[in-house]
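Please read the sequence and the structure below side by side, beginning with how far the coordinates can be trusted before turning to local detail.

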Amino acid sequence: MIQNLQFKYLVAGLIFIASTLLGYIALSQYIPSSGKVDAFSAFSSSRPIEKEFNKELQARIAAQKLAAAGTYELQKIFNAPDGDVLDSKGNAVKLSQYTSGKYTLLTFFYDMCADAKGCPYAFTTMHTVKNYLEKTPALSKQVRFVNISFDPERDTPLMMAGLEKRANRNNKDFSIDWRYLTTKNIDVLIPLIDGYGQNVDIALDKDSGKRTMEYPHVLKIYLIDPKGVIREIYSTTYLSPEMLLNDIETLMIETEKGV
Amino acid sequence: MYLTDKFPKLKALTKAVAMAVVVGAATQMPSAIADETSCSPFTPLVKGQEDFVYVWTLGVKGLGDESDKLVTVDANPASKTYGKVINKLSVGGRGEAHHMGFTDDRKFMWAGALDSNKIFIFDVATDPSKPKLVKTLNNFVAKSGLVGPHTFYAIPGRMIVAALSNAKDHGGQTGMAIYTNAGEYVSTTMMPTTNGGDGFGYDAAINPNKNAMLTTAFTGWNNYMMDLGKLIKDKDAMKQFGNTTVMWDYKTMKPTKIFNTPGAALEARWSYAPGDNWAVTTTALTSEIYVYKQDDHGEWQQHKVGTIGDPAKIPLPVDISLVSSGKGLWINTFMDGTARYWDMTDPLHPSEVYTKKIGEQVNMVSPSYDGKRVYFTTSLLSNWDMKGKSDDQFLKAYNWDGKDLKLAFEIDFYKEKLGRAHHMKFQARDLKTLQPLQASTANKLNFASNP
């Protein structure tokens, strides 16, 4: 009996270490160098797809004539839905505590997502925003990032802890509060993704019909104001660090004006 | 063990049909190369063989159940029911069914009625062969003050509904309403009436890479519900057509430039081919082609680049559709029932290279993503369609080899007792590669409330 328990703990420990290591490896290639304010620093990989995407991103940003922050209004789209989530310590908490009180960028993801234009693109974009904002502690303290996993089976709280630690590694004194959350199971997850209007499919193997580890979805990032209202929704087709920063600043100006 | 085995609810849900949308739906083309029936660039595209063609069909008094309906046609040549109507979904009553548009995840399709102002939301993902009406919006006029929900254009998490008219006088002053995907009203933006704007509206199309939106202008309820013969003789009524197009900052929803575009510009289309920075429209009453292109300073300029048929005969250019490469443009002229293919290799100097008479009248045109299949339907507006024997109502599918259209199949919508065939949208499914991880449709539409 004791031997069985020891074995289980050993296995659990190995899984934790492996999960954390995998998370580190998966994300480290997308993390820009510390503190560097450069929208493109994250795209320095020599992998052809990313190099090509870098060109597209640069072209898009150059082409976008973004209006000055504060000169436009962001729609009040809908209230950020609430639900039950697990934090990186495994505590059962309400999502609403992470979608109010600050300017929040929230996105759904899964750690195994390998699509350069999917979750990694969102991560890279958000990291660039983080690096910029952390230059000014007064700004960074007002902003929060939230990642919620599509894959509660694999993306356990332990896994989230590793990702969270990695995401918050820099500028400890004025880091953006970057939370990685998961759910107890799919049944708890589904009302959340439906509430946000986030689609996701399960990819099946063409030959066997069995599930793969891919969750195809339309990438969306939600900008939520301190009152918990979704003010903008971004997708891969319409997403850049500059746009996110511009919109966050617009909301900050709106708050200053007392709108 | 899979999650579906562990959770019966999920298992039941994932039995449902999935769509064979673009490969890797996670990544929706930052540099989209698309004109799969002129979908929003925020919507996943069917890049392979379409399985179904949905036809939003106007009910006709004395024909079948007389109601507006969504007709589903099997369009996959490998299917036993290829070229056949496989489903009819009546929405009850006649409200001037007109256009449709997918949500940004292609799970739902919105369809509007220009007279009743109803907006119907169909679930086209759970079983794409049998769309299900899951919600009807009856608040369009009350919420927006607009009349005639025309264009349904997906943006992330929302739908732009571009209208034709207004509730005050049913004239041409109008605007665009925005709803969440769940069907909750968000806001209204009116068409500009200053700085050269005439307030008319019709279509809207966005180029996300340029943060630009082009809108066009048609006419109000008073005119589009009037008999066409009577309308043409009414000089005052004929003055009530839009003569402008507007380039917008999509992000801020503010006009950046208003153009003088005489003769009611209708469909707005962007070329999403890499490197392209232009859009195109045609004018119904003056038969001109206009291209919008950025100059060396990045400012949008309008160019009149071609004339369609003989404007004196009012061929009435209606639907247009760019091919995915941006190198060609299908233009239908309603009055002579002719499809015209224009070479757009040089968008500022296009030329007509092919024509084919499709029927006595023709309105909508929808090419497949690869351009090899082209579909046509007939109805323009119930009171504008031809009368008597000239009132063809059909869906015709052609194969296009770059030189000639060859008929693949046709469905007579009168013989089938369906009605007037109008807007088309494609859908695909592949049960072997995708399953939805979704809650029930009812839950999905039980969305967060507006603030």
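The report that follows takes up confidence, then a helix of chain A, then a residue of chain B.

**Confidence**

This is a predicted model, and it scores ipTM 0.86 and pTM 0.85. Chain B has a mean pLDDT of 89, with 87% of its residues at 70 or more. Over residues 1–35 of chain B, however, the pLDDT is below 50, although this stretch has 106 contacts in the model beyond near neighbours in sequence. Residues 439–451 of chain B likewise stay under 50, and the table sets out both stretches.

| Stretch of chain B | pLDDT | Contacts in the model |
|---|---|---|
| Residues 1–35 | below 50 | 106, beyond near neighbours in sequence |
| Residues 439–451 | under 50 | 36, beyond four places in sequence |

Where pLDDT is low, the predicted coordinates should not be read in detail.

**Helix α3 of chain A**

Helix α3 of chain A covers residues 119–133, and because each of its 15 residues should add 1.5 Å for every step from one to the next, the expected span is 21 Å, which agrees with the 21 Å between its end C-alpha atoms. This helix, α3(A), is mostly covered, with 15 of its 15 residues buried.

**Asn332(B) and its surroundings**

Asn332(B) belongs to strand β21 of chain B, which runs over residues 328–333. Is Asn332(B) buried or exposed? Asn332(B) counts as buried because 29 C-beta neighbours lie inside 10 Å, where 20 or more are needed. Leaving aside residues up to four places away in sequence, Asn332(B) touches Val318(B), Asp319(B), Ala339(B), Val362(B), Asn363(B) and Val365(B). Leu405(B) is 73 residues from Asn332(B) along the chain, and their C-alpha atoms are separated by 14 Å.

Technical notes. Residues are numbered from 1 along each chain as its sequence is written. Chains are lettered from A and ligands numbered from 1 in the order in which they are written. This is a predicted model: local features need pLDDT of at least 70, side-chain atom pairs count only at pLDDT 80 or more; totals for chains, interfaces and linings use all residues. pLDDT is the predictor's confidence in each residue, from 0 to 100. Two residues are in contact if their C-beta atoms, placed from the backbone, lie within 7 Å. Helices (H or I, at least four residues) and strands (E, at least two) are DSSP runs, numbered from the N terminus. The expected span of a helix is 1.5 Å times one less than its number of residues. A residue is buried if 20 or more other C-beta atoms lie within 10 Å of its own, exposed if 12 or fewer, and partly exposed in between; C-beta atoms are placed from the backbone.
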